[in-house]
Amino acid sequence: MSEARQSRPIGLLAELTHRCPLGCPYCSNPLVLDGRDSELDTESWKRVFSQAAAIGILHIHLSGGEPAARRDLGDLVAHCARLGLYSNLITSGIGITQAMVTQLADAGLDHVQLSIQDAEPQSADHIAGYRGAFARKSQVASMITQAGLPLTVNAVIHRVNVRRAGAMVELAIALGARRVEIAHAQYYGWAAQNRALLMPSREEAEAAIAEVERLKAVHAGRIMIDHVAPDYHARYPKPCMSGWARRTMNVTPSGKVLPCHAAEVIPGLEFWNVLDHSLEEIWRDSPAFNAFRGEAWMREPCRSCDRRTVDFGGCRCQAFMLTGNASEADPVCHLSPHHEIVSGILEEAMRNEKGPVEYSYRRLRPARSPDQQESPKVPAA
């Protein structure tokens, strides 16, 4: 039986749009973003969700960009509900109104994930590149919980806020969240471009990890704390996406279907589009989905490693970004012949002085080099 038939998708990340009012410097969206004119229309997204239900997908994660920028968001949520799909809205909160929350709840939305940038308001606004973001998110959290919708708070940890990882757990509790995800920055997309400004030292990362783990015990039964540890400080790589094209699919605003959200960084992969192929065809036959399925692509040390069915060689995108070859072992792994690349990055992070932070902010236009970017005028952290 083929790998595609053995593994069936259970979740679909629907990037409804790349439009977003925030400029988060760690955003996982690609550097060159899809414009509004290239976005799938309402009926195309509904067809995608119907096909998803037909092939056994259970969860639809409505993301972006900022999905609230889509005027048809309520219609899409209602369509998911009619199909029996669990719908999860992943939002910055900016653009969400009380009327919208009511509409989405009535349409059958199952869950909301709300991002926060820091527990300190001025720093949070600086990271987001948006004045008033922190205050608005607090208001939106209240709207969500008052509507009876389960709330998860997402927080990305990096150099500027790493010392407040615990405070962000406490903030999530204050906002009424049932779950909080504390995730150390993953260096793809805009985070890769801003890595020198985002990478904490090993000591900072380890202190944050210890604090979050301590709070798991303190708040057991009160809030679920999910903790995504930092790749670069690990001994072994994470089982990225539970293995390439094994459990999830990602549909971009223009309809390209990816095995993971960062897959477009790997050159030479052929991504099929939902305008030309069904999800079933893409899952089974897409060249991009089959590129790193199974173990045939693996090189040593992965090919003979006992962990090859545990972490699947790590992240293909990270392997390419650090070594130039997506078939190499993820350099995060201490067994990788390229592990010194990661060690060098960490040493550089320790040498970097903690001065004023001027990010290359995410924005909806073709990417330019950091020295060409204009930072939004927000207070410095």
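What is the volume of the largest cavity? In this predicted model, the largest cavity has a volume of about 110 Å³.

**View 1. The largest cavity and its lining.** The cavities of 30 Å³ or more number three, and the largest of them encloses about 110 Å³. Its lining is formed by Pro237, Pro301, Cys302, Cys305, Arg307, Arg308, Asp311, Gly313, Gly314, Ala329, Cys333 and Leu335. By class, seven of these lining residues are nonpolar, two are polar and three are charged.

**View 2. The largest pocket and the strands that contribute to its lining.** The largest pocket has a volume of about 1600 Å³. A total of 49 residues line the largest pocket, and Ser28, Ile90, Asn154, Glu181 and His261 lie nearest its centre. At least two lining residues come from each of strand 1 (11–15), strand 2 (59–63), strand 3 (86–91), strand 4 (111–116), strand 5 (151–157), strand 6 (179–184) and strand 8 (248–251). The lining of the largest pocket comprises 21 nonpolar, 21 polar and seven charged residues.

**View 3. The second largest pocket.** The volume of the second largest pocket is about 250 Å³. Its lining consists of 23 residues, of which Gly243, Trp244, Arg246, Gly294 and Phe312 are the closest to its centre. This lining divides into 12 nonpolar, four polar and seven charged residues.

**View 4. The nine-stranded open sheet and its edges.** Nine strands form an open sheet with mixed pairing, in the order 7-6-5-4-3-2-1-8-9. The edges are occupied by strand 7 (224–228) and strand 9 (257–258); each has a single partner strand, so one side of each is left without a neighbour in the sheet.

**View 5. Pairing of strand 5 with strand 6.** Strand 5 and strand 6 run parallel and are joined by six bridges. In one of the pairs, Ile157 has His184 of strand 6 as its bridge partner. Both strands also take part in the lining of the largest pocket, to which each supplies at least two residues.

**View 6. Helices lying across the sheet.** Helix 7 (residues 165–174) lies across strand 4, strand 5, strand 6 and strand 7, and runs at about 160 degrees to strand 6. Helix 10 (residues 202–218) lies across strand 6 and strand 7, with an angle of about 160 degrees to strand 7. Strand 7, crossed by helix 7 and by helix 10, is an edge strand of the sheet.

How values were computed:
Residues numbered from 1 in each chain as written. Predicted model: local features only at pLDDT ≥ 70, side-chain atom pairs only at ≥ 80, totals over all residues. Heavy atoms only, no water. 1 Å grid on protein atoms, 1.4 Å probe; cavity = no way out; pocket = protein on both sides within 12 Å on 5 of 7 lines; lining within 4 Å. Points joined across faces, edges and corners; volume = space filled by probe spheres on them. Nonpolar A, V, L, I, M, F, W, Y, C, P; charged D, E, K, R; others polar. Helix = DSSP H or I, 4+ residues; strand = E, 2+ residues; numbered from the N terminus. Pairing = 2+ DSSP bridges. Contact = heavy atoms within 4.5 Å. Axes fitted to C-alpha atoms, helices over the stretch in contact; angles between N-to-C directions.
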